Amino acid sequence: MDENARAEQAGVARRTLGVASPLEVSAQGLGCMGMSDFYGAADEQEALATLARALDLGVTFLDTADMYGPFTNERLVGRAIAGRRDEVQLATKFGVERRPDGTVVGINGRPEYVRAACEASLERLGVETIDLYYQHRVDPDVPIEETVGAMSDLVVAGKVRHLGLSEAGPETIRRAHAVHPITALQTEYSLFTRDLEADIAPVLLELGIGLVAYSPLGRGLLAGVRPGELPEGDTREARFPRFAAGAVEANLALADRLAALAAERDVTAAQLALAWVLAAEERLDVGVVPIPGTRRVAYLEQNVAALHLALTPADLDALEAAVPAEAVVGDRYADMGAVGR
């Protein structure tokens, strides 16, 4: 059975993020960033086809941000969901301030900026309400209580339904949740990135906060991406230390181990890596939803098929032995100062 037929036949389950302010979403979401920014030239028609196919399959949890493009990704997603808004759980983010030319201004968590950013996102998306509104990065110069207070006002005003944080540290999560229930923390989580299990996951469990896992495929390395084969304009080699010479060789060797295990099961390495993230819901005891990014229908269908790949405890042990977290070489970002605040 080909991936298209398999995806059609299987359907997509649902999961719930958060306890105090619960949001039901598709068990796998779609990260939309690469459709507009960072991963090479955009193909709007293919992106729109991918978004339409996602909704048809039941992948209804769509993730974007104002800074992707900048601004163009929200417009793209808005076009894709026009006429289908009721099917979608729409997540977007504010806080990484960029100019229209792409220049990064900095991190902005000031209350007045929160309000203005939300209004601008609503206009670009063509919607009246955002289902899940994240602070993209924590502003070290603004108390989190002030930022989340402004976000809470958006909920009262009916412009936002649920609140989230991205790449926040344990203490910040606690302080934010004390102001208004946090539905989800979005952070990087994959076989390559498991550090949150030690100090963040226990806080999520205690407070009843869901986990949205971005880059569940290690920015493509776990799916077979090879430096030197990336399209023109793709910035991964320049932006991420794990792609740098001296690190990438070790990381590719780990990816090859994953690929060997996948071949034994007659699945793709990406499907096996996604199945591992999906299985973390039981291990961490919080709602876990991966949001793999793709801009191609074929890869979307392959990713959706991972939802129906059952892993035994022995499978999980084999995966973690093949790709030990401590064997991954390189930081997630060149500047780690903006994460875990």
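Colleague: A crossover is right-handed if, with the strands pointing away from the viewer, the path from the first strand over the helix to the second runs clockwise. Which elements make a right-handed β-α-β unit in this structure?

Modeller: In this predicted model, strand β8 (residues 130-135), helix α5 (residues 144-156) and strand β9 make such a unit.

Colleague: What makes β8 and β9 count as paired?

Modeller: Pairing requires at least two bridges. Between β8 and β9 (residues 160-166) there are five, in the parallel sense, so the two strands are paired. Within this pairing, Q135 has L165 in β9 as its bridge partner.

Colleague: How do you know that β5 and β8 pair?

Modeller: The same cut-off of at least two bridges applies. Strand β5 (residues 89-94) shares four bridges with β8, again in the parallel sense, and therefore the pairing holds. The bridge partner of T92 is Y133 in β8.

Colleague: Why is the contact of F94 and Y133 called a tilted aromatic pair?

Modeller: By the rule applied, there are three aromatic pairs. For F94 and Y133, the ring centres lie 5.1 Å apart, and the limit is 6.5 Å, so the rings pair. Their planes make an angle of 35 degrees; because this falls between the limits of 30 and 60 degrees, the pair is tilted. F94 belongs to β5 and Y133 to β8, 39 residues apart along the chain.

Colleague: Are F94 and Y133 buried or exposed?

Modeller: Both F94 and Y133 are buried. In β8, six of six residues are buried.

Colleague: What makes R239 a charge over a ring?

Modeller: The charged end of R239 sits over the ring of F38, 4.2 Å from its centre, which meets the distance limit of 6 Å.

Definitions and conventions
Residues are numbered from 1 along each chain as its sequence is written. This is a predicted model: local features need pLDDT of at least 70, side-chain atom pairs count only at pLDDT 80 or more; totals for chains, interfaces and linings use all residues. Side-chain values use heavy atoms; hydrogens and water are left out. Buried means under 20% relative accessible area, exposed over 50%, partly exposed in between (1.4 Å probe, protein chains only). Rings of Phe, Tyr and Trp (its six-membered ring) pair if their centres lie within 6.5 Å; planes under 30 degrees apart count as stacked, over 60 as edge-to-face and the rest as tilted. A charge sits over a ring if NZ of Lys or CZ of Arg is within 6 Å of the ring centre and within 35 degrees of the ring normal.
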